[in-house]
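Here is a short note to help you find your way around a structure you have not met before. Please keep the sequence and the 3D view side by side as you read.

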Amino acid sequence: SRVILILIQGWLGHSYIVLLVSGNMKAISGDIYEAARVDGATPFKQFMKMTLPIILLQIAPLLISQFTFNFNNFSIIWLFNDGGSKIDPSYVYDVGNTDIILSWIFKITFGSQASNVTSNQALGSALVIVMSIFVVGASGIGFARSKAFRKGVDI
């Protein structure tokens, strides 16, 4: 069922990325490719040295926001299979084999009806704060390292 969830998420998110990348590729001037051909660049070298850096410059914020969204994509997991079957019955909280951190925190915070585990809102709140610090930190590092928001970037 993990593979099915990955396929569903890929199916839901690919169209936006494909449209953005194809739009950015169409915006690249053909003159630079012609100049590269005159200079003897192979199509692979043109892609690696010209097309890919330009596209990554434009879609870096999208990739970072997609990471953040998929890290917190609770709805696919919860609506599709409620986190899946338990990994190990000896665990205190029902950790399913397809649970992500957010769906596991939901089970901790609001309890699990399947095994009558009581809710623990203090632990759930603490885990959400730790997870938020991680996601915001990773996103901040990604945005800081990307050249998308710097002024005077040479393309």
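The points below go from the whole chain to single residues.

1. First, a word on what you are looking at: this is a predicted model. The chain has six helices and zero strands, so its elements, read from the N terminus, run α-α-α-α-α-α.

2. Some totals for the chain may help you get your bearings. Of its 155 residues, 28% are buried. The accessible surface comes to about 10,400 Å², and carbon and sulfur atoms hold 67% of that area. Among contacts with a separation of 6 or more, 55% join residues that are 24 or more positions apart.

3. Next, please find the largest nonpolar core, which has five residues: I28, Y33, A36, M50 and I54. Two elements give two or more residues each to this core, namely α2 (30-38) and α3 (43-71). One core member, I28, touches Y33, T51 and I54 when residues up to four places away in sequence are not counted.

4. T51 deserves a look of its own. This residue lies in helix α3 and counts as buried because its relative accessible area is 3%, under the 20% cut-off. Leaving out residues up to four places away in sequence, T51 touches M25, I28, Y33 and Q46. Two of these partners, I28 and Y33, are also members of the largest nonpolar core.

5. Helix α3 has a surface side to show you as well. M48 is found in this helix, and with F44 and F47 it makes a nonpolar surface patch of about 320 Å². Is M48 buried, exposed or partly exposed? Its relative accessibility is 36%, which lies between 20% and 50%, so M48 counts as partly exposed.

6. Now turn to helix α6, which covers residues 121-145 and has 25 residues. From its first C-alpha to its last, this helix reaches 36 Å, close to the 36 Å expected at 1.5 Å a residue. Its buried residues are G124, M131, V135 and S139. When you look at their spacing, it helps to remember that residues three or four places apart point the same way, because an α-helix has 3.6 residues a turn.

7. Where do α3 and α6 touch? A good place to look is T68, a residue of helix α3. Leaving aside neighbours within four places in sequence, T68 is in contact with V135 and S139. T68 and V135 are 67 residues apart in sequence, yet their C-alpha atoms are 6.5 Å apart in space. With a relative accessible area of 23%, T68 is over the 20% limit for buried residues and is therefore partly exposed.

8. Seen from the other side of this pairing, S139 is found in helix α6. S139 has 10% relative accessibility, which is under 20%, so this residue counts as buried. Which residues does S139 contact, leaving aside its neighbours within four places in sequence? They are I64 and T68.

9. Finally, a stop at helix α1 (residues 2-27), where G23 is found. G23 and I55 are 32 residues apart in sequence, and 9.7 Å separates their C-alpha atoms in space. G23 counts as partly exposed because its relative accessibility, 39%, falls between the 20% and 50% limits.

Notes: Residues are numbered from 1 along each chain as its sequence is written. This is a predicted model: local features need pLDDT of at least 70, side-chain atom pairs count only at pLDDT 80 or more; totals for chains, interfaces and linings use all residues. Side-chain values use heavy atoms; hydrogens and water are left out. Helices (H or I, at least four residues) and strands (E, at least two) are DSSP runs, numbered from the N terminus. The expected span of a helix is 1.5 Å times one less than its number of residues. Buried means under 20% relative accessible area, exposed over 50%, partly exposed in between (1.4 Å probe, protein chains only). A nonpolar core is a set of buried Ala, Val, Leu, Ile, Met, Phe, Trp, Tyr and Cys residues joined through side-chain atoms within 4.5 Å. Contact means heavy atoms within 4.5 Å. Patches are made of residues with over 30% relative accessible area and no salt bridge: like charges are joined within 9 Å, nonpolar side chains (Val, Leu, Ile, Met, Phe, Trp, Tyr) within 5 Å. Accessible areas come from the Shrake-Rupley method with a 1.4 Å probe; for residues, only the protein chains shown count as cover. A salt bridge is a side-chain nitrogen of Lys or Arg within 4 Å of a carboxyl oxygen of Asp or Glu.
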